[in-house]
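User: I am new to this structure and would like to go through it in questions and answers. Could you start by showing it to me?

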Amino acid sequence: MDASVHSTFASRYVRTSLPRFKMGENSIPKEAAYQIINDELMLDGNPRLNLASFVTTWMEPECDKLIMASINKNYVDMDEYPVTTELQNRCVNMIAHLFNAPLEDSEPAVGVGTVGSSEAIMLAGLAFKRKWQNRRKSEGKSCENPNIVTGANVQVCWEKFARYFEVELKEVKLRDGYYVMDPEKAAEMVDENTICVAAILGSTLNGEFEDVKRLNDLLVEKNAETGWDTPIHVDAASGGFIAPFLYPELVWDFRLSLVKSINVSGHKYGLVYAGIGWIIWRSKEDLPEELIFHINYLGADQPTFTLNFSKGSSQVIAQYYQLIRLGYEGYRNVMENCRDNMMVLKDGLEKTERFEIVSKDEGVPLVAFTLKDHNNFNEFQISDMLKRHGWIIPAYTMPPDAEHVTVLRVVIREDFSRTFAERLVIDITRVIHELDLVPSRVVSTNTITVTGGEEDADNDGTVTIANQSVLETQRKITTAWKKFVMNRKKTNGVC
Ligand SMILES: *Cc1c(COP(=O)(O)O)cnc(C)c1O
């Protein structure tokens, strides 16, 4: 293959080919560069129709303006940009209050803005690991084998944390019809080396909230019995900006004594474009001092605890915009609207009578659903066919021990309107009708051969239908499918 790409269209400006592996020797005009890149990007999906992602794809034009105005500001230059730093601190305070951190009215909260929940989770995990090590050392015990207990439904960033920072990940397995961490089983798995139990508020797979209160009760009991001090982290990447507005009575946050830190993605239901997350600690005592770097800018002590150094300021400013612009009322409106549109979609899918809904009404506004009947086609085919209508809807298999279940998932974001919900139901219905008409592979491989007469080998005069029964074939295909799915690594294309 040629190592470069030709662009006919840009020949108005340039006639050289575009480099793919090595930088070109010469410059090209800016108009050509723009045109070529802009054109190639047209082949990407439309972010607004990307229903696979929780991440924000629409903000108000006023906020877009603020973002563009600060696009050249490096967040880390805190001495140059003290106001930006101040805005991040205000965000930390507001979010900590939203999560009911035990703070006095004007007491500064403990937390930091991150690139996303992934960085936030690395920081939280490190704090737990260090606290556990310090405690073990002071007791003269081994710090060799730290572990963390989660459900098998955790987002991949927990697996990353475990591998990068050498902590064993102990996963509570799922089961048919129960797709979140069972708090009883999690508490059972805890041992003296457990640095924390991570609960998820809004499982990535089906949006369900895990029962953090039950987990807290169980661990309080276990800690009292054993003398351990196992804390809880809540991964509220998607649910952190939903629960406080839709379910204020739900007790999942710092109101629970063992919840020591919470992360949330500003770029999910915090309603900011990709690139921001938050980690909040219950109190100063929960963030070991030795992990904080003190940078002395112009004589002012600026404590930092992040994995990277430079990053953009735009998302921090955009988060502050959303928090003050929307307030409780605005966030509640957006979340209620998302929930209403989720119900429209869910009801529409139920009416087709072809799907079983595996998401819950209470949780992240998404609809996760699976086919009732897999005889003629599967969820991957539906996902594929929907692309032709412009919709990006992922299909994926559940983690162990529910890997034989495949679901389709539609995330409802602020910019997914009721019209979209209704339109999507129409398109999904159309797609299943189209698939109904396609002779499926299951049926076409099930050729019927009739033996007997001249071909009747044992010549007993009976005509036997030597084909496998339809049921048998289906069973074989299901087994093969399960094998295929179980041999695959965890590659959920969902975020
Ligand atoms: C999205 C998500 C993450 C990762 O968050 P990013 O902000 O994309 O880094 C972690 N945990 C859960 C539960 C999530 O939904």
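The turns below take up confidence, the ligand, the core and one annotated lysine.

User: Over which residues does pLDDT stay under 50?

Analyst: This is a predicted model, and the mean pLDDT of the protein is 88, with 84% of its residues reaching 70 or more. Where pLDDT is low, the predicted coordinates should not be read in detail. That caution concerns the stretch where pLDDT stays under 50, for which the model has 27 contacts beyond four places in sequence, namely residues 442–468.

User: Which residues come nearest to the ligand?

Analyst: The shell around the ligand divides into five nonpolar residues, nine polar ones and one charged. Of the 15 residues around the ligand, the nearest are G116, S117, S118, Q155 and A237.

User: Which helix gives the largest share of the largest nonpolar core?

Analyst: The largest nonpolar core has 119 residues, of which V197, I232 and I280 touch the most other members. The largest share of this core, 13 residues, comes from residues 314–351, which form helix 9.

User: Is K268 buried or exposed?

Analyst: In an unreviewed entry, UniProt lists K268 for "modified residue: N6-(pyridoxal phosphate)lysine". K268 lies in the loop between strand 8 (259–265) and strand 9 (277–281), and, not counting residues up to four places away in sequence, K268 touches F54, V55, T56, A237 and S238. Because K268 has 29 C-beta neighbours inside 10 Å, and 20 or more are needed, this lysine counts as buried.

Note on methods: Residues numbered from 1 in each chain as written. Predicted model: local features only at pLDDT ≥ 70, side-chain atom pairs only at ≥ 80, totals over all residues. pLDDT = per-residue confidence, 0-100. Contact = placed C-beta atoms within 7 Å. Near = placed C-beta within 6 Å. Nonpolar A, V, L, I, M, F, W, Y, C, P; charged D, E, K, R; others polar. Core = buried A, V, L, I, M, F, W, Y, C linked by C-beta atoms within 7 Å. Buried ≥ 20, exposed ≤ 12 C-beta atoms within 10 Å, placed from the backbone. Helix = DSSP H or I, 4+ residues; strand = E, 2+ residues; numbered from the N terminus. UniProt positions renumbered as here; feature names shortened; annotations may be inferred.
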